[in-house]
Amino acid sequence: MEIIIQPDSQQGSQVAARIVARLVREKPHAVIGFATGNTPLRLYKNLVRMHREEALDFSHVTTFNLDEYVGVPAAHPSSFHSYMWAHLFSQLDIPNGQIHIPDGMTADIPATCRKYEEAIKSAGGIDVQILGIGTNGHLGFNEPTSSFASRTRIKTLTEQTRLDAAAAFGGQENVPSQVITMGLGTILDSRMCLLLAFGKKKARAIALTVEGSLTASVPSTVLQLHPRAVLVLDKDAASDLKMADYYTWVYDHKPDWQKS
Ligand code: PGA
């Protein structure tokens with residue numbers, strides 16, 4: 001794991017944006033896995049700015065989102081479809097046909113999940129998967145005890161996760177119980193995982209992810225098995241890490257060619 005600790009979320013988001021931009025410049029047909037939530041919002045702002053001001057071209061990029069609520073139409077203001085269009089896709093030049101988000105309204109969930117996996121495969125696999133992290137260590141909507149080998153499927157949310165989403169749906173009782181999410185095995189297959197975590201409330205989950213034992217009870221520990229997992233943190237999210245000084249030293253002393 002590479003741990004990059006930045007003073008705040010603004011600088012962390014800039015580092016993450018540079019990693020994504022470098023990939024897109026080196027590989028215009030890159031496949032990017034996107035996440036929703038509060039955490040990647042600044043990253044997306046940076047990507048939009050780079051597209052406008054630095055001619056960062058997304059027209060050949062293919063995208064796959066991590067997850068979507070079951071029973072929530074794409075046009076619903078709290079769907080992840082709406083989120084992605086509001087914060088990113090409406091401001092970039094990715095053709096609609098290259099954008100993939102699980103269909104939460106499908107009549108056949110297993111078939112939709114199977115096709116999602118097939119679409120990722122036929123696109124050549126995901127080059128970089130952007131990730132947030134839940135306070136319980138979930139990645140996507142892979143809640144604790146999700147199998148490390150899991151693929152795209154239906155999952156039932158924990159009460160904590162529904163509580164976290166309550167504001168977006170005008171109350172916890174309105175938050176759907178079920179979602180379609182890429183599995184931990186799907187995420188593990190991506191060539192790079194780029195996880196962002198900001199704020200004190202993520203500190204415990206981050207400490208368990210980086211320095212804890214591998215366990216399905218903390219799904220994000222699966223990243224210990226990934227050959228290229230990069231975690232971009234602010235100081236607060238890094239505040240429970242025992243080896244924070246070491247990670248900072250490593251990052252500050254990387255050879256230029258290795259820097260992001
Ligand atoms: P957040 O959500 O970015 O809104 O904190 C992250 C997650 O639950 O995966």
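**From the chain ends to the ligand**

Let's start with Glu-2 and Lys-254, whose side chains meet in a salt bridge, 2.3 Å from N to O. This pair links distant parts of the chain, with Glu-2 in strand β1 and Lys-254 in the segment after α9, 252 residues apart. Keep in mind that this is a predicted model. Glu-2 is partly exposed at 23% relative accessible area, while Lys-254 is buried at 9%.

That salt bridge has company: a search of the whole structure turns up nine salt bridges. Take Asp-127 and Arg-191, whose side chains meet at 2.9 Å, N to O. Asp-127 sits in the loop between α4 (109–122) and β6 (128–131) and Arg-191 in the loop between α7 (184–188) and β9, so this pair ties together parts 64 residues apart in sequence. Asp-127 is buried, with 8% relative accessible area, and Arg-191 is partly exposed, with 41%. Lys-27 joins in as well: Lys-27, Asp-127 and Arg-191 are linked in a network of salt bridges.

Now for a pair within one helix. The side chains of Arg-162 and Glu-159 form a salt bridge at 3.2 Å, N to O. These two are three residues apart in helix α5 (residues 159–164), which means about one helical turn separates them. An α-helix has 3.6 residues a turn, so residues three or four places apart point the same way. Arg-162 counts as buried at 10% relative accessibility, whereas Glu-159, at 48%, counts as partly exposed.

Next, have a look at helix α8 (residues 203–211). Its buried residues are Ala-203, Ala-205, Ile-206, Ala-207, Thr-209 and Val-210. They pack against strands β1 (2–6), β9 (193–197) and β10 (229–234), and against helix α9.

Helix α9 (residues 244–252) is home to Tyr-246, which is partly exposed at 48% relative accessible area. Together with Met-243, Trp-249 and Val-250, Tyr-246 forms a nonpolar patch on the surface, with about 440 Å² of accessible area between the four.

Finally, the ligand. Around it you'll find Gly-37, Asn-38, Thr-39, Gly-132, Ile-133, Gly-134, His-138 and Lys-202. Three of these have listed polar distances to ligand oxygen: a backbone N or O atom of Asn-38 at 2.9 Å, a side-chain N or O atom of His-138 at 2.7 Å, and a side-chain N or O atom of Lys-202 at 2.6 Å. Taken alone, the ligand exposes 280 Å², and the protein buries 76% of that.

Conventions
Residues numbered from 1 in each chain as written. Predicted model: local features only at pLDDT ≥ 70, side-chain atom pairs only at ≥ 80, totals over all residues. Heavy atoms only, no water. Patch = residues over 30% accessible without salt bridge, like charges linked within 9 Å, V, L, I, M, F, W, Y side chains within 5 Å. Areas by Shrake-Rupley, 256 points an atom, 1.4 Å probe, with all protein chains shown as cover. Helix = DSSP H or I, 4+ residues; strand = E, 2+ residues; numbered from the N terminus. Buried < 20%, exposed > 50% of the residue type's maximum accessible area, 1.4 Å probe, protein only. Near = heavy atom within 4 Å. Polar contact = N/O pair within 3.5 Å; in protein donor to acceptor, adjacent residues only side chain to side chain. Contact = heavy atoms within 4.5 Å.
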